[in-house]
Amino acid sequence: MHGLSPTATRVAHLARPGRPAVVTRTLAELTGPTRGVVELPVRLMWNADRTFDLGDPDELLWMYENVLRETTRAEDLRTLINGRTLRRVWRLLNLPRGVRQAWESRHRGLRTA
(Lines give C-alpha, C1' and ligand atoms only; values in the text may rest on other atoms or scores of the structure.)
Protein backbone atom coordinates (compact mmCIF):
# COMPACT_ATOMS: atom_id res chain seq x y z
CA MET A 1 0.00 0.00 0.00
CA HIS A 2 3.03 2.27 0.02
CA GLY A 3 2.16 3.82 3.40
CA LEU A 4 -1.37 4.91 2.52
CA SER A 5 -4.27 3.78 4.61
CA PRO A 6 -7.26 2.26 2.78
CA THR A 7 -9.53 4.98 4.13
CA ALA A 8 -7.34 7.66 2.58
CA THR A 9 -7.68 6.17 -0.88
CA ARG A 10 -11.26 4.81 -0.87
CA VAL A 11 -14.69 6.20 -0.17
CA ALA A 12 -17.36 3.82 1.07
CA HIS A 13 -20.57 4.10 -0.94
CA LEU A 14 -23.61 2.93 0.93
CA ALA A 15 -26.36 0.72 -0.44
CA ARG A 16 -28.38 1.83 2.56
CA PRO A 17 -27.46 3.50 5.86
CA GLY A 18 -24.69 1.56 7.55
CA ARG A 19 -24.15 -0.94 4.73
CA PRO A 20 -21.56 -0.49 1.98
CA ALA A 21 -22.46 -1.35 -1.59
CA VAL A 22 -20.80 -4.51 -2.88
CA VAL A 23 -18.94 -4.24 -6.19
CA THR A 24 -16.90 -6.82 -8.07
CA ARG A 25 -13.40 -6.09 -9.34
CA THR A 26 -14.33 -6.66 -12.98
CA LEU A 27 -17.47 -6.86 -15.06
CA ALA A 28 -16.07 -9.97 -16.76
CA GLU A 29 -16.46 -11.98 -13.56
CA LEU A 30 -20.23 -11.36 -13.65
CA THR A 31 -21.31 -14.57 -15.36
CA GLY A 32 -24.95 -14.75 -14.35
CA PRO A 33 -27.66 -16.08 -16.63
CA THR A 34 -28.92 -14.16 -19.64
CA ARG A 35 -32.15 -16.11 -20.19
CA GLY A 36 -34.58 -18.31 -18.37
CA VAL A 37 -36.19 -17.91 -14.97
CA VAL A 38 -34.15 -17.01 -11.90
CA GLU A 39 -35.27 -17.36 -8.29
CA LEU A 40 -33.58 -15.04 -5.82
CA PRO A 41 -32.74 -16.24 -2.32
CA VAL A 42 -34.82 -14.80 0.53
CA ARG A 43 -31.84 -12.75 1.75
CA LEU A 44 -32.07 -10.72 -1.49
CA MET A 45 -35.84 -10.50 -1.81
CA TRP A 46 -38.50 -11.07 0.80
CA ASN A 47 -41.55 -11.35 -1.48
CA ALA A 48 -43.27 -14.72 -1.73
CA ASP A 49 -42.71 -14.59 -5.50
CA ARG A 50 -38.97 -14.22 -5.97
CA THR A 51 -38.81 -15.53 -9.53
CA PHE A 52 -37.86 -13.42 -12.54
CA ASP A 53 -38.19 -14.22 -16.23
CA LEU A 54 -35.08 -12.70 -17.79
CA GLY A 55 -36.87 -12.57 -21.15
CA ASP A 56 -39.17 -9.88 -19.73
CA PRO A 57 -37.25 -6.56 -19.75
CA ASP A 58 -39.13 -5.21 -16.71
CA GLU A 59 -38.49 -8.34 -14.66
CA LEU A 60 -34.81 -8.31 -15.62
CA LEU A 61 -34.46 -4.71 -14.41
CA TRP A 62 -36.35 -5.46 -11.19
CA MET A 63 -34.12 -8.45 -10.45
CA TYR A 64 -30.90 -6.53 -11.14
CA GLU A 65 -32.04 -3.63 -8.96
CA ASN A 66 -32.80 -5.98 -6.08
CA VAL A 67 -29.54 -7.89 -6.33
CA LEU A 68 -27.35 -4.78 -6.68
CA ARG A 69 -29.13 -3.05 -3.80
CA GLU A 70 -29.52 -5.93 -1.35
CA THR A 71 -26.47 -8.15 -1.70
CA THR A 72 -23.73 -8.31 0.89
CA ARG A 73 -21.80 -10.97 -1.05
CA ALA A 74 -19.75 -10.63 -4.22
CA GLU A 75 -20.64 -14.23 -5.02
CA ASP A 76 -24.30 -13.22 -5.45
CA LEU A 77 -23.19 -10.71 -8.06
CA ARG A 78 -21.05 -13.26 -9.89
CA THR A 79 -23.81 -15.86 -10.12
CA LEU A 80 -26.89 -13.66 -10.65
CA ILE A 81 -25.69 -10.67 -12.70
CA ASN A 82 -24.29 -10.84 -16.22
CA GLY A 83 -21.62 -8.23 -17.02
CA ARG A 84 -22.68 -7.57 -20.62
CA THR A 85 -26.33 -7.34 -19.64
CA LEU A 86 -25.48 -5.02 -16.75
CA ARG A 87 -23.67 -2.68 -19.11
CA ARG A 88 -26.60 -2.74 -21.55
CA VAL A 89 -29.26 -1.92 -18.92
CA TRP A 90 -27.18 0.25 -16.57
CA ARG A 91 -28.87 3.58 -17.38
CA LEU A 92 -32.33 2.01 -16.98
CA LEU A 93 -31.73 0.74 -13.45
CA ASN A 94 -33.32 2.55 -10.52
CA LEU A 95 -30.57 2.31 -7.91
CA PRO A 96 -29.73 4.11 -4.68
CA ARG A 97 -27.15 6.83 -5.28
CA GLY A 98 -24.53 4.98 -3.22
CA VAL A 99 -24.86 1.80 -5.27
CA ARG A 100 -24.63 3.70 -8.56
CA GLN A 101 -21.61 5.70 -7.34
CA ALA A 102 -19.83 2.59 -6.07
CA TRP A 103 -20.23 0.76 -9.38
CA GLU A 104 -19.34 3.78 -11.52
CA SER A 105 -16.27 4.52 -9.37
CA ARG A 106 -14.96 0.99 -9.89
CA HIS A 107 -16.19 0.52 -13.47
CA ARG A 108 -15.84 3.88 -15.17
CA GLY A 109 -17.24 2.52 -18.44
CA LEU A 110 -20.67 2.30 -16.81
CA ARG A 111 -20.79 6.09 -16.65
CA THR A 112 -21.08 6.20 -20.44
CA ALA A 113 -23.04 2.97 -20.89
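Student: Leaving aside neighbours within four places in sequence, which residues is L68 in contact with?

Tutor: L68 meets L77, L86, W90, L93, L95, V99 and W103. Keep in mind that this is a predicted model.

Student: Where is L68 found, and is L68 buried or exposed?

Tutor: L68 is found in helix α2. To call a residue buried, look for a relative accessible area under 20%. L68 is at 1% relative accessibility, so L68 counts as buried. One spacing to check on screen: the C-alpha atoms of L68 and I81 are separated by 8.6 Å, and these residues are 13 apart along the chain.

Student: How do I read the helix itself? How many residues does α2 have, and how far does α2 reach?

Tutor: Start with the general idea. An α-helix has 3.6 residues a turn, so residues three or four places apart point the same way. Now the case here. α2 has 14 residues and reaches 20 Å from its first C-alpha to its last. That is close to the 20 Å expected at 1.5 Å a residue.

Student: Is α2 mostly covered or mostly open?

Tutor: Mostly covered: ten of the 14 residues in α2 are buried. Among them are L60, L61, M63 and Y64. E65, N66 and R69 are buried in α2 too.

Student: Let me step back. What does the whole chain hold, and in what order do its elements run?

Tutor: Five helices and four strands. From the N terminus, the order is α-β-β-β-β-α-α-α-α. The protein chain has 113 residues, and 42% of these count as buried. Its exposed surface is about 6900 Å², with 51% supplied by carbon and sulfur atoms.

Student: What share of contacts joins residues at least 24 apart?

Tutor: Take the contacts between residues at least 6 apart in sequence. Of these, 56% join residues at least 24 apart.

Student: Next, the core. How many residues does the largest nonpolar core have, and which have the most contacts inside it?

Tutor: That core has 29 residues. L40, L68, L86, L93 and W103 have the most contacts inside it. α2, α3, α4 and α5 each supply at least two residues of this core. The largest share, six residues, comes from α2.

Student: What does W103 touch, not counting residues up to four places away in sequence?

Tutor: Ten names to find: V22, V23, T24, L27, L30, L68, L77, L86, W90 and L110. W103 is also one of the buried residues of α5. The others are G98, V99, R100, A102 and E104.

Student: What covers the buried residues of α5?

Tutor: The cover includes β1, α2, α3 and α4.

Student: How many aromatic pairs does the structure hold?

Tutor: Zero. But look at the ring of W90. R100 lies over the face of W90, at 4.8 Å from the ring centre.

Student: Let me practise on α4. Is T85 buried or exposed? And is R88 buried or exposed?

Tutor: T85 is found in helix α4. At 8% relative accessibility, T85 counts as buried. R88 is found in helix α4 as well. R88 has a relative accessible area of 60%, so R88 is exposed.

Student: What does T85 touch, beyond residues up to four places away in sequence?

Tutor: T85 touches T34, L60 and Y64. L60 and Y64 are buried residues of α2.

Student: And how far apart are the C-alpha atoms of R88 and L110?

Tutor: They are separated by 9.1 Å. Along the chain, R88 and L110 are 22 residues apart.

Terms used:
Residues are numbered from 1 along each chain as its sequence is written. This is a predicted model: local features need pLDDT of at least 70, side-chain atom pairs count only at pLDDT 80 or more; totals for chains, interfaces and linings use all residues. Side-chain values use heavy atoms; hydrogens and water are left out. A nonpolar core is a set of buried Ala, Val, Leu, Ile, Met, Phe, Trp, Tyr and Cys residues joined through side-chain atoms within 4.5 Å. Buried means under 20% relative accessible area, exposed over 50%, partly exposed in between (1.4 Å probe, protein chains only). Contact means heavy atoms within 4.5 Å. Rings of Phe, Tyr and Trp (its six-membered ring) pair if their centres lie within 6.5 Å; planes under 30 degrees apart count as stacked, over 60 as edge-to-face and the rest as tilted. A charge sits over a ring if NZ of Lys or CZ of Arg is within 6 Å of the ring centre and within 35 degrees of the ring normal. Accessible areas come from the Shrake-Rupley method with a 1.4 Å probe; for residues, only the protein chains shown count as cover. The expected span of a helix is 1.5 Å times one less than its number of residues.
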